[in-house]
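Visitor: I would like a close look at one part of this protein. Please take the helix packing, and then the empty space and the backbone around it.

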Amino acid sequence: FLLVPRPSVPPPALHTCQGLAPCLPAEGQVNTSGPRLLLATLHPASGSSTAMDRIFSALLTSLLLLLQSYGVCGAPPQPRGTLCRTKPTDLVFVIDSSRSVRPQEFEKVKVFMSRVIEGLDVGPNSTRVGVINYASAIKNEFSLKTYQTKAGLLQAVQRIEPLSTGTMTGLAIQFAISRAFSDSEGARVRSPNFNKVAIVVTDGRPQDGVQDVSARARAAGIEIFAIGVGRVDMHTLRQIASEPLDDHVDYVESYSVIEKLTHKFQEAFCVVSDLCATGDHDCEQICISTPGAYKCACKEGFTLNNDGKTCSACSGGSGSALDLVFLIDGSKSVRPENFELVKKFINQIVDSLEVSDKQAQVGLVQYSSSVRQEFPLGQFKNKQDIKAAVKKMAYMEKGTMTGQALKYLIDSSFSVINGARPGVPKVGIVFTDGRSQDYITDAAKKAKDLGFRMFAVGVGNAVEDELREIASEPVAEHYFYTADFRTISKIGKKLQMKICIEEDPCECKSIMKFQTKVEDLINSLQQ
């Protein structure tokens, strides 16, 4: 296919679809001033079979027909939705700048606030923003009425300096109730048309009480998000935050990763007009917008699962054989409660596989300061046994020797003696929550040079440069990061599809399947 754009007309992006043809606009949506699609086929040499003539003729005919139809690559393409706008909100940041927050860490908080503000619709009739800076005393950096433009807010945030004394979180919340959210400071009258939101960021245990004052704030209609950093007291965060706590309490290991929470808050303030356009959905493959909601669909050759969101990517056919090994970080920074979430993440992926001697085999390796094989490839012959073994895995709780673990994967996990099958695709999924304490470059490169398909999943303090170094090409499709362990299930959903071995669309079997679909299409058009 050759896309030849007309002069001065940029070609539109093609939707990526499975199969031999691109997804094209539905009838009535074709832009005739846009690029022209030129079709060319190789004519079979003289003496070729009639069957091949039929295949090439059908392909050419079908591609022409696809210009005026929905195509044969899954669901019809959906029009791009509008970007969401933020609901008018009175937003107040309540920022801890006590002596435990170092100057460079406070700069990270300012970056976080700036990123959130950049995603808002700022104005007197839309979103207004104020900032309370607190330590032992309270400083009202600027109120809701001070700045009416985004540029003014961003400049004011950059001028904020840390107070570097104690931690009077309760006093700061009381100031928010009585002063920051008052009419005199620019707050609007409580109404269903306006949100009142406070984002509290703290890194320590408060020196005063927060439970009663937080309850009063919530009773006054203020929605409170509590972000804890480092050695924060989690019980305090839960006393501060609004319900449901899972949506309103966030924790990050250090200020260096607090910026990762930006997207969450941009979504929280968003009035969604098109959930598919904003990405605020759980569809694994195709999202179809409906007014105020959405529904999921799957690409051609995939089936929508009972959850209505995920698709069965591995049908258990002859093309789905693979040897899959999980390489799991069991260092002390993970914490026991998060390690249980990692186990669920592993079993979530196992659920999508067809496990047998001829199809998928799964192995599991845990590492910290040393490497421990939990079970090799092929030891368990069904999903139930694999998932039971994963649940029994004991947490090692030491260092982070990712390089040593990668070397073990190469030398042992994918060896024949440990159950690996010659000629079967090898997939490694590396999960880590921090910087490696040893050198990973050589082992990461060797794994990819040997043809292993490597996925890198990072959480919390994981170093994204290391994740990219581990991941196979294209890197963007093989590495994932989230700031919060509670959201790794979303990564699991993406991996369920990516680890499966797709059939080659150029194989004769695939061409014949495509021809059958084309003939069905022609018959329906004739009718």
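Guide: What follows starts with one pair of helices and works outward. Keep in mind that this is a predicted model.

Start with helix 4, residues 169-180, and helix 5, residues 211-219. Their axes lie 9 Å apart and meet at an angle of about 20°. An angle under 35 degrees counts as roughly parallel. Helix 4 and helix 5 are therefore roughly parallel to each other. Their crossing is left-handed.

Now the residues at this contact. Helix 4 brings Gly 170, Ile 173, Gln 174 and Ile 177. Helix 5 answers with Val 213, Ser 214, Arg 216 and Ala 217. By class, the contact of helix 4 with helix 5 holds four nonpolar residues, three polar ones and one charged one.

Several of these names come back in the largest cavity. Ile 173 and Ile 177 of helix 4 are in contact with helix 5, and Ile 173 and Ile 177 also line the largest cavity. Ala 217 of helix 5 takes part in the helix contact, and Ala 217 is in the cavity lining too. The other lining residues are Val 94, Ala 176, Ala 198, Val 200, Ile 222 and Ile 224. Two elements give two or more residues to this lining, helix 4 and strand 7, which spans 195-202. Helix 4 gives the most, with three residues. By class, the lining has nine nonpolar residues, no polar ones and no charged ones. The volume of the largest cavity is about 50 Å³. The structure holds four cavities of 30 Å³ or more.

Just before helix 4 in the chain, look at the backbone. Ser 164 sits in the loop between helix 3, residues 150-158, and helix 4. Ser 164 is not a glycine, yet its phi is positive, about 60°. Most residues other than glycine have a negative phi, and most peptide bonds are trans.

Two peptide bonds here are cis. One runs from Glu 243 to Pro 244, with omega near -10°. Pro 244 lies in the loop between helix 6 and helix 7. The other joins Glu 473 and Pro 474, with omega about -10°. Pro 474 belongs to the loop between helix 14, residues 464-470, and strand 20, residues 479-482.

Helix 6 and helix 7 lead on to the second largest pocket. Helix 6 (234-240), helix 7 (245-248), strand 9 (249-252) and helix 10 (336-350) each supply at least two residues of its lining. Strand 9 gives the most, with four residues. The pocket holds about 400 Å³ of space. Its lining counts 19 residues. Nearest the pocket centre are Met 234, Tyr 251, Asn 338, Asp 484 and Arg 486. By class, the lining divides into eight nonpolar, two polar and nine charged residues.

Helix 10 also packs against another helix. Its partner is helix 11, residues 383-392. The angle between helix 10 and helix 11 is about 170°, and their axes are 9 Å apart. An angle over 145 degrees counts as roughly antiparallel. Helix 10 and helix 11 are therefore roughly antiparallel to each other. On the helix 10 side, Lys 343, Ile 346, Asn 347 and Val 350 make the contact. On the helix 11 side are Lys 383, Ile 386, Lys 387, Val 390, Lys 391 and Lys 392. This contact has four nonpolar residues, one polar and five charged.

One more pair remains. Helix 12, residues 402-413, packs on helix 13, residues 441-449, at an angle of about 30° with the axes 8 Å apart. That makes helix 12 roughly parallel to helix 13. Helix 12 passes helix 13 in a left-handed crossing, and the crossing of helix 4 and helix 5 is left-handed as well. From helix 12 come Gly 403, Leu 406, Lys 407, Ile 410 and Asp 411. They meet Ala 443, Ala 444, Lys 446 and Ala 447 in helix 13. By class, the contact of helix 12 with helix 13 has five nonpolar, one polar and three charged residues.

How values were computed. Residues are numbered from 1 along each chain as its sequence is written. This is a predicted model: local features need pLDDT of at least 70, side-chain atom pairs count only at pLDDT 80 or more; totals for chains, interfaces and linings use all residues. Side-chain values use heavy atoms; hydrogens and water are left out. Axes are lines fitted to C-alpha atoms, for helices over the stretch in contact, and angles run from 0 to 180 degrees between N-to-C directions. Angles under 35 degrees count as roughly parallel, over 145 as roughly antiparallel, 65 to 115 as roughly perpendicular and the rest as oblique. A crossing is left-handed if the near helix is turned anticlockwise from the far one by less than a right angle, and right-handed if clockwise. Contact means heavy atoms within 4.5 Å. Ala, Val, Leu, Ile, Met, Phe, Trp, Tyr, Cys and Pro count as nonpolar, Asp, Glu, Lys and Arg as charged, and the others, Gly among them, as polar. On a 1 Å grid over the protein atoms alone, a cavity is a set of points where a 1.4 Å probe fits but cannot get out, and a pocket is an open set with protein on both sides within 12 Å along at least five of seven lines; lining residues have an atom within 4 Å of a point. Grid points are joined across faces, edges and corners, and a volume is the space filled by probe spheres set on the points.
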